[in-house]
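Welcome! Here are some short exercises, each with a worked solution, to help you find your way around a new structure. Keep the viewer open as you go.

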Amino acid sequence: MARTLHLSHRRSHFPSHPHHHLLQNPPNISSTSPSSSFSPPHNCSFGRIFVYNLPVVFNQELLDNCVELDPWHSRCRALSNDGFGSKATGLSGVVPEDLVPAWYWTDQFAMEIIYHNRILNYKCRTMEPDSATAFYIPFYAGLAVGKYLWFKYRWKDRDRYCEMILKWLQEQPHWNSSGGWDHFITMGRITWDFRRTKDEDWGSKCIYLPGMRNITRLLIERNPWDYFDVAVPYPTGFHPRSDSDVLEWQDFVRNHNRKTLFCFAGAPRDTIKNDFRSLLLRQCMNVSGLCRAVDCAGTRCSNGTSLVLEAFLDSKFCLQPRGDSFTRRSIFDCMVAGSIPVFFWHRTAYLQYQWFLPSDPKSYSVFIHRNEVKNGTSIKSVLESYSKEEVKKIREKVIEYIPKLVYAKPKEGLESIKDAFDVAIEGALKRIKEQKQFGHKWK
């Protein structure tokens with residue numbers, strides 16, 4: 001039922017705007033030499049990446065036509081600043097003043113642009129395909145399909161771009177030599193937007209098209225039973241400019257005075273019978289002073305508001321039910337703010353982000369089965385059962401992992417700290433290298 005509603009219309013942080021900024025480093029590796037900040041690869045133990053020079057119809061042209069990417073409003077502001085979006089406003093007094101410039105109102109579907117800009121300056125990028133361990137396909141699959149998910153468009157419209165890119169790839173010699181096993185792609189939406197099984201159903205059938213099966217796919221939500229799907233963190237608003245930004249932010253959230261026990265930010269689904277989010281909102285509102293509720297119905301949490309960030313910063317725990325799908329961006333907003341996530345579905349995080357989160361769920365989160373809540377279990381009582389020492393220990397684990405959950409601002413990455421991009425790319429290189437070594441592949 002949620003799929004009949006428009007995702008970005010409900011959850012977008014951006015008003016319409018007629019202007020936009022294109023990629024500062026155009027995706028044309030045949031005519032553009034690496035910038036001066038692109039240093040020779042070092043310590044590339046998992047190999048090097050070759051970035052395909054795709055026809056602009058697959059990336060740059062989509063950005064050029066950002067006004068047309070959404071049937072409700074322009075996407076230009078959301079995709080500006082290399083995918084980080086508009087600079088955040090209204091955060092004075094909410095975050096440390098010297099960290100305000102590191103905050104943007106970043107769209108949850110912008111990861112394809114963020115990854116592309118970073119990988120063009122990646123330390124282990126190679127300009128010689130014969131020396132590459134892996135091949136990156138800078139196709140903006142999420143942006144390409146997003147426009148066609150609504151209204152009058154047919155399944156042929158939703159499949160067109162993916163069919164085009166696969167046809168182009170099948171003409172490339174390095175693709176043909178491996179069958180796509182050493183290729184990877186970023187797809188900036190959830191996997192289910194690319195897994196249509198019937199023509200009349202939601203989404204495209206991109207992942208099911210011949211040729212896509214062997215490609216490693218980085219998405220914001222994966223199918224836990226598909227080896228080639230890898231879930232990476234949703235983009236959040238914090239984009240540190242340096243190692244010192246990360247360390248300062250960690251200290252800030254570690255020492256922040258959290259006045260409420262828990263919080264919940266989300267919109268109830270009034271059209272859904274026994275809506276679980278409505279149940280959480282009621283529990284929150286019924287424990288006056290112990291829970292902070294942010295009702296995101298309508299546009300209350302959109303257009304760059306700081307309300308959600310303030311709630312997470314002020315709360316020891318944050319409730320994280322499933323979103324329109326099993327995951328939601330709020331998981332990462334919560335953890336970046338140093339709040340401990342409370343999950344109700346295993347697939348919301350535990351079966352998703354294994355490269356980015358601790359292997360022991362209890363070390364960084366609380367799990368309360370949704371059926372227990374439906375049967376009357378008090379969330380307040382469960383959370384109050386944790387001692388101060390236990391809460392401190394769990395929060396420290398959350399804070400420890402913040403670097404792996406954020407995307408740094410510099411195109412070259414941070415000085416020594418690995419962010420979410422570094423973890424994702426090294427993970428993709430590692431698995432592709434291992435596949436080649438052990439011959440785990442089929443045609």
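**Exercise 1.** What covers the buried residues of α8? Find helix α8 and look at its surroundings.

*Solution.* Before starting, note that this is a predicted model, in which local features need pLDDT of at least 70 and side-chain atom pairs count only at pLDDT 80 or more, while totals for chains, interfaces and linings use all residues. Residues are numbered from 1 along each chain as its sequence is written, and side-chain values use heavy atoms, with hydrogens and water left out.

Step 1. Locate α8 at residues 276-285. Helices (H or I, at least four residues) and strands (E, at least two) are DSSP runs, numbered from the N terminus.

Step 2. Pick out the buried residues; buried means under 20% relative accessible area, exposed over 50%, and partly exposed in between (1.4 Å probe, protein chains only). In α8 they are Phe276, Arg277, Ser278, Leu279, Leu280, Leu281, Gln283 and Cys284.

Step 3. Look for what lies over them, where contact means heavy atoms within 4.5 Å. The cover includes strands β8 (260-266), β9 (291-295) and β10, together with helices α11 (370-374) and α12 (379-384).

Step 4. Draw the conclusion: eight of the 10 residues of α8 are buried, so the helix is largely enclosed by the rest of the structure.

Step 5. Finish at the start of α8, where a side-chain oxygen of Asp275 comes within 3.4 Å of the backbone nitrogen of Arg277.

**Exercise 2.** Which residues touch the most other members of the largest nonpolar core? Work out where this core lies as well.

*Solution.* Step 1. Use the rule: a nonpolar core is a set of buried Ala, Val, Leu, Ile, Met, Phe, Trp, Tyr and Cys residues joined through side-chain atoms within 4.5 Å. In soluble globular proteins, nonpolar side chains tend to be buried together.

Step 2. Among the 99 residues of the largest core, the ones touching the most other members are Ile49, Tyr115, Phe184, Trp249, Phe262, Phe344 and Ile425. Helix α14 (residues 420-438) is the top contributor, giving eight residues.

Step 3. Domain 1 (49-95 + 103-235 + 408-437) and domain 2 (243-405) both supply residues, so the core lies between them. These bounds come from an automatic or database domain assignment.

Step 4. Zoom in on Trp249: leaving aside neighbours within four places in sequence, its contacts include Val95, Trp103, Phe238, Leu313 and Ile402.

Step 5. Now find a second, separate core of 41 residues, which includes Leu79, Phe135, Trp150 and Phe194.

**Exercise 3.** How many disulfides does the rule give? Trace some of them.

*Solution.* Step 1. A disulfide is a pair of cysteine sulfur atoms within 2.5 Å, and the count comes to five.

Step 2. Cys44 is joined to Cys124, S to S 2.0 Å. The pair links distant parts of the chain, 80 residues apart, and at -95 degrees about the S-S bond this link is left-handed.

Step 3. Cys66 and Cys76 are also bonded, with sulfur atoms 1.9 Å apart. Their S-S torsion is about 95 degrees, so this disulfide is right-handed.

Step 4. Cys318 in strand β10 (residues 315-320) pairs with Cys334 in helix α10 (residues 330-336), and both cysteines are buried.

**Exercise 4.** Why does Cys263 form no bond with Cys318?

*Solution.* The sulfur of Cys263 is 5.5 Å from the closest cysteine sulfur, in Cys318, which is too far for a bond. Cys263 itself counts as buried, at 0% relative accessibility.

How values were computed. Polar contact = N/O pair within 3.5 Å; in protein donor to acceptor, adjacent residues only side chain to side chain.
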